[in-house]
Amino acid sequence: MFASAVRRNALKGLIPPKIATPSAVSSGGTSARTEEVVKFYSKLPKGPGKPSGGIRGRYFEGPNASGKPILATILGLFLIGYTIDYQMHLKHHKHHAH
């Protein structure tokens, strides 16, 4: 399960689905439930959100944006392919001389 879904389910009980009831609004004062919700929302962070996490957020977005992971992947695939090709060539020479 994603972390955001877990967080949403964990906070579901804190936020009442109906905060402004007609009796609370018409009385002129604030109810205890409304005060709890205001206190909860006042603690939430303000401003722009963080960049996405994971590989995308670490290497392709934000201050560390670069193409190094793509180059490293291409180089790694080349080295793996070369190693496999070299080993197959050695097996060929083991049984068949040129």
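The questions and answers below concern a predicted model of one chain.

Visitor: How many helices and how many strands are there in the chain?
Guide: From the N terminus on, the elements run α-α-α-α-α. The chain holds 5 helices, and its number of strands is 0.

Visitor: What percentage of the residues in the chain is buried?
Guide: A residue counts as buried when its relative accessible area is under 20%. The chain has 98 residues, and the buried ones make up 7%.

Visitor: How much of the exposed area do carbon and sulfur atoms supply?
Guide: The area that the chain exposes is about 8,900 Å². Of this area, the part supplied by carbon and sulfur atoms is 65%.

Visitor: Which residues does UniProt list for "transmembrane region"?
Guide: The listing comes from an unreviewed UniProt entry. In the model, the span in question is 89% helix and 0% strand, and its end C-alpha atoms lie 30 Å apart. The entry gives residues 66-84.

Visitor: Is Phe60 buried, partly exposed or exposed?
Guide: Phe60 has its place in helix α4, which covers residues 54-60. Beyond its neighbours within four places in sequence, Phe60 is in contact with Ile55, Ala65, Ser66, Pro69 and Ile70. Its relative accessibility is 36%, so Phe60 counts as partly exposed.

Visitor: And Phe78: buried or exposed?
Guide: Phe78 is found in helix α5, residues 68-95. The cut-off for exposed is over 50% relative accessible area. Because Phe78 has 55% relative accessibility, Phe78 counts as exposed.

Visitor: Which residues make the nonpolar surface patch of about 650 Å²?
Guide: Residues in a patch have over 30% relative accessible area. Phe78, at 55%, and Tyr86, which is partly exposed at 43%, are among the members. The patch is made by Leu75, Phe78, Leu79, Tyr82, Tyr86 and Leu90.

Visitor: How many aromatic pairs does the structure hold, and what is the arrangement of Phe78 and Tyr82?
Guide: The structure holds 3 aromatic pairs. Phe78 and Tyr82 form an aromatic pair with 6.3 Å from centre to centre and 25 degrees between the planes. Planes under 30 degrees apart count as stacked, so this is the term that applies. The pair of Phe78 and Tyr82 is stacked.

Visitor: Why are Phe78 and Tyr82 separated by about one helical turn?
Guide: Both residues belong to helix α5. The separation is about one helical turn because Phe78 and Tyr82 are 4 residues apart.

Visitor: What is the arrangement of the rings of Tyr82 and Tyr86?
Guide: Tyr82 and Tyr86 both lie in helix α5, 4 residues apart, which is about one turn of the helix. Their ring centres are 6.4 Å apart and their planes stand at 15 degrees, so the pair is stacked.

Visitor: Which residues do ring pairs link into a cluster?
Guide: Phe78 pairs with Tyr82, and the rings of Tyr82 and Tyr86 also form a pair. The cluster consists of Phe78, Tyr82 and Tyr86.

How values were computed. Residues numbered from 1 in each chain as written. Predicted model: local features only at pLDDT ≥ 70, side-chain atom pairs only at ≥ 80, totals over all residues. Heavy atoms only, no water. Patch = residues over 30% accessible without salt bridge, like charges linked within 9 Å, V, L, I, M, F, W, Y side chains within 5 Å. Areas by Shrake-Rupley, 256 points an atom, 1.4 Å probe, with all protein chains shown as cover. Salt bridge = Lys/Arg side-chain N within 4 Å of Asp/Glu carboxyl O. Helix = DSSP H or I, 4+ residues; strand = E, 2+ residues; numbered from the N terminus. Buried < 20%, exposed > 50% of the residue type's maximum accessible area, 1.4 Å probe, protein only. Phe/Tyr/Trp six-rings, centres within 6.5 Å; stacked < 30°, edge-to-face > 60°. UniProt positions renumbered as here; feature names shortened; annotations may be inferred. Contact = heavy atoms within 4.5 Å.
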